[in-house]
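Work through the exercises below with the coordinates open beside you, and try each task before reading its solution.

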Amino acid sequence: MKLDTDKFRVKKGEKVKLDKWPTLVKPIYRSKEQYQTRLKEQVAQLSTQQSLLYASNRHAVLLIFQAMDAAGKDGAIKHVMSGINPQGCQVYSFKHPSATELKHDFLWRTTDCLPERGRIGIFNRSYYEEVLIVRVHPEILKSEGVPDDMHEGPEVWKERYLSIADLEGHLHRNGTRIIKFFLHLSKEEQRQRFLARIDDPDKNWKFSLADIQERGFWKQYMKAYEECFNATSTRNAPWYVVPADDKENARLIISQIILDTLKDLKMSYPRSSEERQEELQSIRKLLSE
């Protein structure tokens with residue numbers, strides 16, 4: 001079954017209303033066995049493309065994952081990237097900023113974690129938290145030490161969107177391809193997954209009262225995400241709203257989007273020059289002695 005990933009992409013200038021975007025779509029697999037087979041095939045292709053990325057050493061790829069709690073970010077990263085060589089992949093999770101990080105601008109702490117050419121970088125949450133959780137909880141902004149005139153008003157967020165867009169434009173111009181995923185989970189599915197975490201002792205550690213407290217801000221988060229997508233989804237650094245009520249389906253969609261992006265780079269292994277070929281033949285002679 002051919003998957004049209006473009007329908008999950010937020011077009012530049014599009015006005016997103018998340019209640020109009022599905023959290024569940026028709027599965028692109030017919031059984032668990034077919035899901036596993038298809039994912040295995042896509043992971044193998046991703047591994048091949050990652051080897052080309054590393055060998056050609058011309059581009060980097062940055063994958064950004066954002067979502068509400070229990071949407072399946074960790075599982076998606078684990079399963080989709082399972083076949084990638086660890087030497088060519090870097091994963092970072094960003095939580096509450098440290099005291100040192102708070103002394104810098106909001107983009108500072110993620111800059112050092114950007115992927116090198118030839119590598120895939122994964123941000124499990126990212127600098128986008130600064131226009132999401134910080135927007136829902138503006139008291140956080142006051143603790144960041146920014147100037148007093150930057151605590152309130154819509155201009156704060158517009159300026160942060162501009163800073164993000166400038167950064168991503170700069171990265172693209174210098175060879176980094178950016179793909180941003182929002183795992184779109186329904187509130188009811190989140191409730192069911194929270195209950196499952198309570199009922200399964202092995203998953204109790206994943207759940208806390210803070211998760212329930214944040215659930216109470218659902219509408220505010222949806223609005224923050226909508227405005228974020230409207231302002232920061234561009235042709236070169238698009239957002240994809242991935243239906244996440246079906247974890248397996250979401251993983252297949254994500255892996256196909258990454259695979260399409262890598263194939264579009266049209267990479268190839270570096271060709272040896274005549275001088276290099278002569279050198280290799282000389283080495284061959286030495287090894288034959």
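The exercises that follow concern salt bridges, burial and a surface patch in a predicted model.

**Exercise 1.** Determine which parts of the chain are linked by the salt bridge between Arg 135 and Glu 227.

*Solution.* Begin with the pair itself, whose side chains meet in a salt bridge at 3.0 Å, N to O. Next, place the two residues: Arg 135 lies in helix 4 (residues 133–136) and Glu 227 in helix 9 (residues 218–232), so that distant parts of the chain, 92 residues apart, are linked. Glu 227 also meets Lys 223 in a salt bridge at 2.9 Å, and these two residues both belong to helix 9, four residues apart, or about one turn of the helix.

**Exercise 2.** Classify His 172 as buried or exposed, and list its contacts.

*Solution.* Locate His 172 in helix 6 (residues 154–173). Its relative accessibility is 18%, and because buried means under 20%, His 172 counts as buried. Leaving aside residues up to four places away in sequence, His 172 touches Arg 177 and Asn 236.

**Exercise 3.** Identify the nonpolar surface patch that includes Ile 283, and assess the exposure of this residue.

*Solution.* The patch is formed by Leu 280, Ile 283 and Leu 287, which together have about 270 Å² of accessible area. Ile 283 itself is found in helix 11 (residues 274–288), and with a relative accessible area of 37% it is partly exposed.

Key: Residues are numbered from 1 along each chain as its sequence is written. This is a predicted model: local features need pLDDT of at least 70, side-chain atom pairs count only at pLDDT 80 or more; totals for chains, interfaces and linings use all residues. Side-chain values use heavy atoms; hydrogens and water are left out. Patches are made of residues with over 30% relative accessible area and no salt bridge: like charges are joined within 9 Å, nonpolar side chains (Val, Leu, Ile, Met, Phe, Trp, Tyr) within 5 Å. Accessible areas come from the Shrake-Rupley method with a 1.4 Å probe; for residues, only the protein chains shown count as cover. A salt bridge is a side-chain nitrogen of Lys or Arg within 4 Å of a carboxyl oxygen of Asp or Glu. Buried means under 20% relative accessible area, exposed over 50%, partly exposed in between (1.4 Å probe, protein chains only). Contact means heavy atoms within 4.5 Å.
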